[in-house]
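Here's a quick briefing to read with the model open beside you. We'll start with a pocket and then move on to rings and surface.

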Amino acid sequence: MSSFLASGPNLGRGGIGAWLAGLSPAAKAGVLAIEVAVMLVIWQLVVGVFGWINPVFFPPPSAIAQGFVELVMSGALAANIPVSAQAWIAGFTLAVVIGIPVGLLMGTSLPVDRVAGPIAWTIYATPSIAYYPLAKAWFGFGIGPVIFLVTISAIFPIMLNVAAGMRTTNTSIIRAGRVYGASRMQLYRSVYLPSTVPFLFAGLRQAVVLATIGMVVAEMSGSSAGMGAVIMRAANTYQTDQAFAAIAIIVIWSVGMTQVVTLVERWTAPWTKKGGRR
């Protein structure tokens with residue numbers, strides 16, 4: 001980081017994009033930290049110092065920090081974060097367990113793709129909140145509808161990306177494998193799966209974000225617990241500092257889980273573009 005600050009940006013012919021792409025992970029983290037710090041300072045000045053925006057509707061960072069402290073002291077975070085985390089993990093796990101095998105079948109079997117593909121795209125194109133009343137009828141009140149909405153939100157990016165990856169596998173390699181007597185299982189293990197891994201992790205990253213959205217939407221639509229419920233209660237009582245603090249926690253969760261998926265890709269699939277970065 002010190003060498004980065006000492007040398008300064010050397011833009012060259014590639015411009016600032018090429019300069020940023022060539023930075024080390026520590027330097028990129030430093031640039032991101034500077035950007036966030038500048039944004040927070042401007043935000044604090046505009047709202048908290050000059051008062052150009054009503055802080056009741058858009059609180060400054062200092063008030064949001066105070067709202068976070070109030071949520072901690074009241075026990076709201078300790079009571080609601082585990083509920084949201086449990087629903088998210090359960091729903092996301094179900095989406096992975098169901099989505100990957102179905103995606104593999106859709107990508108290699110034309111009959112399965114013709115039957116499951118239109119259904120998957122139809123459900124995927126429908127806003128997940130539309131299923132929440134049905135989820136309540138099927139699973140009752142509590143965590144069940146939230147898990148269902150998380151699963152519905154996350155399963156289709158995984159399934160459809162895996163299917164797309166299977167269909168784009170190099171046919172020459174598949175034919176070569178068959179010529180040398182590779183069985184269907186060997187083709188899956190040695191040809192299909194390695195070429196599908198980048199699509200899988202792309203789908204997982206999308207699924208992380210959509211699962212978080214599904215969780216928050218479900219909790220805000222009538223759940224009595226969870227971070228979405230915390231946001232609704234705080235907003236309805238005009239405690240917007242606490243609402244923004246809860247939103248910040250959800251953003252950190254979503255970004256953090258996306259980074260976890262990227263780290264897993266680097267560990268398990270170093271041949272991919274993201275896995276090959278250092």
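**The second largest pocket and its surroundings**

Lining the second largest pocket are Val36, Met39, Leu40, Trp43, Pro61, Ile64, Phe244, Ile247, Ala248, Val251, Ile252 and Val255. Keep in mind that this is a predicted model. Two of those lining residues, Trp43 and Phe244, turn up again in a ring cluster with Phe58.

**Pocket**
- The space in the second largest pocket comes to about 410 Å³.
- Three helices, H3, H4 and H12, each put at least two residues into its lining.
- H12 gives the largest share of that lining, with six residues.

**Aromatic pairs**
- Searching the whole structure turns up nine aromatic pairs.
- Take Phe58 and Phe244: their ring centres sit 5.5 Å apart with the planes at 90°, so this one is edge-to-face.
- Phe58 is in the loop between H3 and helix H4 (61-74), while Phe244 belongs to helix H12 (residues 240-268), so the pair ties together parts that are 186 residues apart in sequence.
- Phe58 is partly exposed at 32% relative accessibility, and Phe244 is also partly exposed, at 22%; the cut-off for buried is under 20%, so Phe244 doesn't make it into that class.
- Another pair, Phe139 with Phe148, is tilted, with 5.5 Å from centre to centre and 40° between the planes.
- The partners in that tilted pair fall into separate classes: Phe139 is partly exposed, with a relative accessible area of 45%, whereas Phe148 is buried at 17%.
- Ring pairs also join Trp43, Phe58 and Phe244 into a cluster.

**Nonpolar surface patch**
- Val41, Leu45, Val49, Phe50, Trp52, Ile53, Val56, Phe57, Phe58 and Tyr238 make a nonpolar surface patch of about 1000 Å².
- Phe58 therefore does double duty here, as a member of the patch and as the edge-to-face partner of Phe244.
- Val41, another patch member, is found in helix H3 (residues 25-49).
- With a relative accessible area of 48%, Val41 counts as partly exposed; exposed would take over 50%.

**Arg184**
- Where does Arg184 lie? Arg184 is part of helix H10, which covers residues 184-220.
- Arg184 is exposed, at 52% relative accessibility.
- Between Arg184 and Ile174 there are 10.0 Å in space, C-alpha to C-alpha, and the two are 10 residues apart in sequence.

Note on methods: Residues numbered from 1 in each chain as written. Predicted model: local features only at pLDDT ≥ 70, side-chain atom pairs only at ≥ 80, totals over all residues. Heavy atoms only, no water. Patch = residues over 30% accessible without salt bridge, like charges linked within 9 Å, V, L, I, M, F, W, Y side chains within 5 Å. Areas by Shrake-Rupley, 256 points an atom, 1.4 Å probe, with all protein chains shown as cover. Salt bridge = Lys/Arg side-chain N within 4 Å of Asp/Glu carboxyl O. Helix = DSSP H or I, 4+ residues; strand = E, 2+ residues; numbered from the N terminus. Buried < 20%, exposed > 50% of the residue type's maximum accessible area, 1.4 Å probe, protein only. Phe/Tyr/Trp six-rings, centres within 6.5 Å; stacked < 30°, edge-to-face > 60°. 1 Å grid on protein atoms, 1.4 Å probe; cavity = no way out; pocket = protein on both sides within 12 Å on 5 of 7 lines; lining within 4 Å. Points joined across faces, edges and corners; volume = space filled by probe spheres on them.
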